[in-house]
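Hi there,

I'm passing a structure on to you, and I thought a short tour might help you find your way around. Have a look first, then read on.

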Amino acid sequence: MPDSKMDETKKKKKKTAECCGYPISIFFIVVNEFCERFSYYGMRAVLVLYFRYFLLWDDDLATSIYHAFVALCYLTPILGAIIADSWLGKFKTIIYLSIVYAVGQVVMAVSTIHDITDANRDGTPDNFTLHIALSMLGLVLIALGTGGIKPCVAAFGGDQFQEHQSRQLNTFFSVFYLCINAGSLLSTLITPVLRAQECGIHTQQQCYPLAFGVPAALMVVSLVVFIAGSGMYTKTAPEGNIMGSVCKCIWFALNNRFRHRSDIYPKREHWMDWAEEKYDKLLIAQIKMVLKVLFLYIPLPMFWTLFDQKGSRWTLQATTMTGDFGGFVLQPDQMQTVNPILILTLVPIMDRIIFPLIKKCGLNFSPLKRMTVGMLFAATAFIAAALVQMEIDKTLPNFPSSSESQLKVVNMHSESLIVTVPSQEPLLIGSFESSPDYITFDQQDIRLAFNTTPEINKDLSLIKGSRQTLIIPSEPAEMYLKEDIKSKPKEGKNAVRFVNGWTAYLNITNLESSLQPSETSNYTLVSQGMRKFTLTDGIQSCEFSRKFGFGSSYTFLIPSDLFSTDCESIKEIEDMQPNSVHMALQIPQYFLITTGEVMFSVTGLQFSYSQAPKNMKSVLQAGWLCTNAVGNIIVLIVAELGKLPKQWAEYVLFASLLVAVSIIFSIMAYFYTYIDPAEIEAEILKQQETDPDKKKKKETLEMEEKENEQEIKQTKI
Ligand SMILES: NCCC(=O)N[C@@H](Cc1c[nH]cn1)C(=O)O
């Protein structure tokens, strides 16, 4: 950098306004981040539901696309960092990519308006292709925007601080993290509520446009806030194509090293020193710093692999638990908000109390040690999750393995029946009752004998890995098999179905179609709480209500005296008992992983900023975010491949993997020496200034490069 230019930036820095030791411009950046994270996490909160219930994709497709989107969001930071460092500078990159981001959010919101293609006004869109195309376009733009600006915003925030504000700089990253979590907490609470509203022009539907529209609006606010602070920022100019020269320099060093591999050449301290012939000492030193940090990042994705499973595995675990807290009832997916709530309380506690206390005890709790401890906390969180899982497993129904089949017998006949089952005591099943529990068979083909007159022998071919119910109607010879659910119902809901013992067809609320005599309905899902069903045959009707817990399954037997007893005589068969392990048991694992997050993630953010040379701050931020992307990809792969028979075993496996990785990391960290990039850079510059010969050489090289660049530009034109 020419001296005159350096003086200019120094002067500018002196002018920045301060408040309590912090640059005022920080305020705008922090508010901007809050709005942006509100927008991002709010959209993410309803995304899977949008795929599932608006685009009508199946579960697997919905979750795969969701994870792929999240992974993409953490890969695009590389792109953002390149644009910022080599072309537009952080400030302009943030503005332009925020516009892309906001446009993406708006496109996404528009894609959720069913009325735009609902010509026949039946409430479902007629042209799914258009909606899918729009939403995919929206998501790509959003991933580009959110990922692109993320490394820039953190680094740009850091840039606002001057050298004497290093203490405030550390606090900034904590406050930054608090804002992220305040934004994510609020939006994950609000957008699902917005989604549950009904809206529409022709037909009233779930209000996805509102659930995606509010995040879009917040992104526009975020952009406006950022621009509002425009006059106050310290803006560092882009320093040219850093990534390009870094790659060229590394390539040259490797080549040069290879050419001089014979013993006759003197060894050099570091392989990067082999670039000295052609490249500036400063650049070489900077590359060394970055490479050291990037090398250290290699084990980090494992942390995110565990961390990001709280959104998937842990939420699934919560669906097998009960959320009844007496006064209020917590839904399984709401358990996730425990993380941001704990962040909001733990970050200040750590910063104000725990870390200063450790320091007072004379212990040096360096950033890398903190990160190692953070990883160990995450591992213990998974051990806690495994313990909870074992508790749940005790209460879970005994589902058939893939080679077994299970059968239950329901007797709707007016008399008791004795059923002879292979390798079992004969079963006595009273009229209007069922066999006490599912009977498990190793074989598929079985023969049952019934003591009716005349005796009935029935050959059944059961489905492997399935649960089925044999319904014996009033006319026993017409018995039939019905397939049952073989896992806990989704999202903590309850699966219910009816067997019609009434003599005519019945309409029942919640059921898709009317039920013929002796027919068994398909399952309908009802959520926790008091639920009412109205049964009618077109002439008479009665109401039947029941309180449901979480994750149960019932078959309701409708008797022939249904209406004379005012629905009182409906009999329930419990196929799956409601969940009984309390969701509060998940709090320890949330506490542990969040403590781990504060030590690992907040520290990693600071570390990535502080150890990066001035012109490569966003690059290292991008590298840091990339560890998150890789972590998500590992989740995707493991979810596809690894099907451990027991969930608790999978938790223990992940915990052990992370412990192993954290040991490796601690060894790597032991050999890392913390640096002050600014100091090293200043020293090298000084050396070069006192060495006029080298300075000249460097200047000619720089001029050559510039000429080259200009030539390239001209040829392009
Ligand atoms: N506490 C969870 C929300 C949160 O802090 N997210 C931060 C950090 C982060 C990156 N990957 C996972 N987490 C963010 O979005 O930058």
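At roughly what angle do the axes of helix 4 and helix 7 cross? Before the answer, please keep in mind that this is a predicted model.

The two axes, of helix 4 (residues 77–111) and helix 7 (residues 208–228), cross at roughly 165° and come within 8 Å. An angle over 145° counts as roughly antiparallel, and therefore helix 4 and helix 7 are described that way. Their crossing is left-handed.

If you want to see where they touch, helix 4 contributes residues including F91, I94, I95, S98 and I99, while helix 7 brings, among them, P209, F212, G213, P215 and A216. Sorted by class, this contact of helix 4 with helix 7 has 18 nonpolar and three polar residues, with no charged residues.

Further along the chain there is a sheet to look at. It is an open sheet of four strands in the order 18-16-21-22, with mixed pairing. Strand 18 (524–526) and strand 22 (571–576) stand at the edges; each has a single partner strand, so one side of each is left without a neighbour in the sheet. On average, neighbouring strands of this sheet are turned by 30° against each other, direction ignored.

Inside that order, strand 16 (residues 494–500) pairs with strand 21 (residues 553–558) in the parallel sense, over six bridges. For one spot to click on, try A495, whose bridge partner in strand 21 is S553.

Enjoy exploring!

Best wishes

Notes: Residues are numbered from 1 along each chain as its sequence is written. This is a predicted model: local features need pLDDT of at least 70, side-chain atom pairs count only at pLDDT 80 or more; totals for chains, interfaces and linings use all residues. Side-chain values use heavy atoms; hydrogens and water are left out. Two strands pair if DSSP finds at least two bridges between them. Helices (H or I, at least four residues) and strands (E, at least two) are DSSP runs, numbered from the N terminus. Axes are lines fitted to C-alpha atoms, for helices over the stretch in contact, and angles run from 0 to 180 degrees between N-to-C directions. Angles under 35 degrees count as roughly parallel, over 145 as roughly antiparallel, 65 to 115 as roughly perpendicular and the rest as oblique. A crossing is left-handed if the near helix is turned anticlockwise from the far one by less than a right angle, and right-handed if clockwise. Contact means heavy atoms within 4.5 Å. Ala, Val, Leu, Ile, Met, Phe, Trp, Tyr, Cys and Pro count as nonpolar, Asp, Glu, Lys and Arg as charged, and the others, Gly among them, as polar.
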